[in-house]
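Colleague: I would like to learn how an interface between two domains is read from a model, beginning with the terms and then turning to the case at hand.

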Amino acid sequence: MSGPGPSSVHVVGGGLAGTECAWQLARRGVPVVLHEMRPERSTPAHQTGDLAELVCSNSLRSDDPDHPAGLLKREMERFGSLVVGAARAAAVPAGGALAVDREAFARGVTTALAAAPGIEIVRAEVTALPAGEVVIATGPLTSPAMSALLQELLGGEWLYFYDAIAPIVEGETLDRTRLFRASRYGKGSGEDYLNSPLDREGYRAFREALLAAEVVPLRDFEQALFFEGCLPIEELARRGEETLRFGPLKPVGLRAPDGSRPWAVAQLRREDLAESQYNLVGFQSRLKWPDQQRVLRLLPGLERAEFVRLGQIHRNTFVNSPRHLDPFYRLRVAPRVRLAGQLTGVEGYLESAATGLAAALYLALERRGVPVTPLPASTALGSLARHLTASDPAHFQPANVNYGLFPPLGTRLPRRERRAAFAARAHADLAAWIAAHPGVAA
Ligand SMILES: Cc1cc2nc3c(=O)[nH]c(=O)nc-3n(C[C@H](O)[C@H](O)[C@H](O)COP(=O)(O)OP(=O)(O)OC[C@H]3O[C@@H](n4cnc5c(N)ncnc54)[C@H](O)[C@@H]3O)c2cc1C
């Protein structure tokens, strides 16, 4: 392996995506310069100078092999993932999830990269595009200088500032006997939404539960966003008895099937055509996750709801990838530049690392002159790129890995069997892809 030099790939950002990307490149003999601005310059959320610092929770989600997050881990492990390996080494007991001691995890990644041959780590903010091949993985809190640089590169409508995330519910865990279909004022098909009606007493109890629930404290930089108009439901509840009824629980324009007018209504909008997931409209929240689940399950029809994602509010810088990225994570306007991590519009630690891994595989294969095809969309790794490149650019939103991103199976199966079938198909298709790309699983 040659050391860093003119042929080095510049990986910008030593977070979850950048560290995985640098590791994967170096393992395949591609020299890397990894640029990380911390500790010289920090972000509003990071606290240390460690590479791959986890800024919030310590969970890398489910480790169940049939769960999409568990499947993604296993696929990454086939390529010797640094992030998943360091997470396993720093794991703490967490039921079916892979949760870590955050300090031990970041230390593990930092130490491994410092010792890896072929990687030079430069601790400075990148403010101009390096020469040669570049992977930008500067994350949801990309520094202002890099944001400006991307804007210059991509032009007008390139970035979103996404600061509110509403919860997403698994469709089949809803009790539809307690919900009714309707659109406000009969718009659209007239029944585009599932509606959860509350009577006066149910509304009062729901509001009180919101007021009593525990909230994640705001950091300074989030105060500004908070007051810019994206209000969490618990804050609306706090503002007055009726405020929610004029916000996300407003009943106007909706009638129950018996013709009655509910006192308040929560609306669920489908996330995918298969109606496997629903978005709880306007329910962005800063409630701690156990409290959030408990309170949301007070809504009629959601008593046994399972959440694909819970409500959050934070700054998130990401590119409109369906417009700007090709399936190999290259910028269409400048193919020598790749993006990876949350900047591409994936959501979460694991998913960010996964895109760094995939970008590195493609880059290393290209350097060897191997003809490359994209990872199959039926794999967890490939499903992320499919989301990033095949979604409608007009409605592009970040996503965690989930089976709604995979091509359908074509058969109806009970939930547990369906997950197993998705996982089995992914393993088979990944094995075929590896076989078609000699040396890639190095
Ligand atoms: C407040 C907050 C809470 C979050 N909570 C969770 C959570 O609980 N669970 C979860 O899965 N995800 C969470 N996320 C999302 C999380 O940030 C991502 O999942 C993950 O860290 C993204 O990985 P990344 O590599 O894209 O970015 P990061 O891990 O943020 O890494 C980007 C790196 O780039 C560096 N950098 C930025 N600009 C430059 C520059 N110009 N030059 C050099 N270096 C630069 C940064 O210092 C940083 O180290 C949260 C995000 C925020 C903002």
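Modeller: A polar contact is a pair of N or O atoms within 3.5 Å, where within protein one must be able to donate a hydrogen and the other to accept it, and residues adjacent in sequence count only if both atoms are side-chain atoms. This is a predicted model, in which local features need pLDDT of at least 70 and side-chain atom pairs count only at pLDDT 80 or more, whereas totals for chains, interfaces and linings use all residues. Residues are numbered from 1 along each chain as its sequence is written, and side-chain values use heavy atoms, with hydrogens and water left out.

Colleague: How many residue pairs are in polar contact across the interface of domain 1 and domain 2?

Modeller: The rule finds five such pairs between domain 1 and domain 2, both residues being at pLDDT 80 or more. On the side of domain 1 that touches domain 2, helix α13 (residues 415-436) gives the most, with three residues; helices here are DSSP runs (H or I, at least four residues), as strands are (E, at least two), numbered from the N terminus.

Colleague: Which residue ranges make up domain 1 and domain 2?

Modeller: Domain bounds come from an automatic or database domain assignment, which here gives 9-162 + 316-436 for domain 1 and 168-309 for domain 2. Their centres, taken over C-alpha atoms, are 31 Å apart.

Colleague: How many salt bridges are counted between domain 1 and domain 2?

Modeller: A salt bridge is a side-chain nitrogen of Lys or Arg within 4 Å of a carboxyl oxygen of Asp or Glu, and the count between domain 1 and domain 2 is four. The side chains of E172 and R415 form a salt bridge, at 3.3 Å from N to O.
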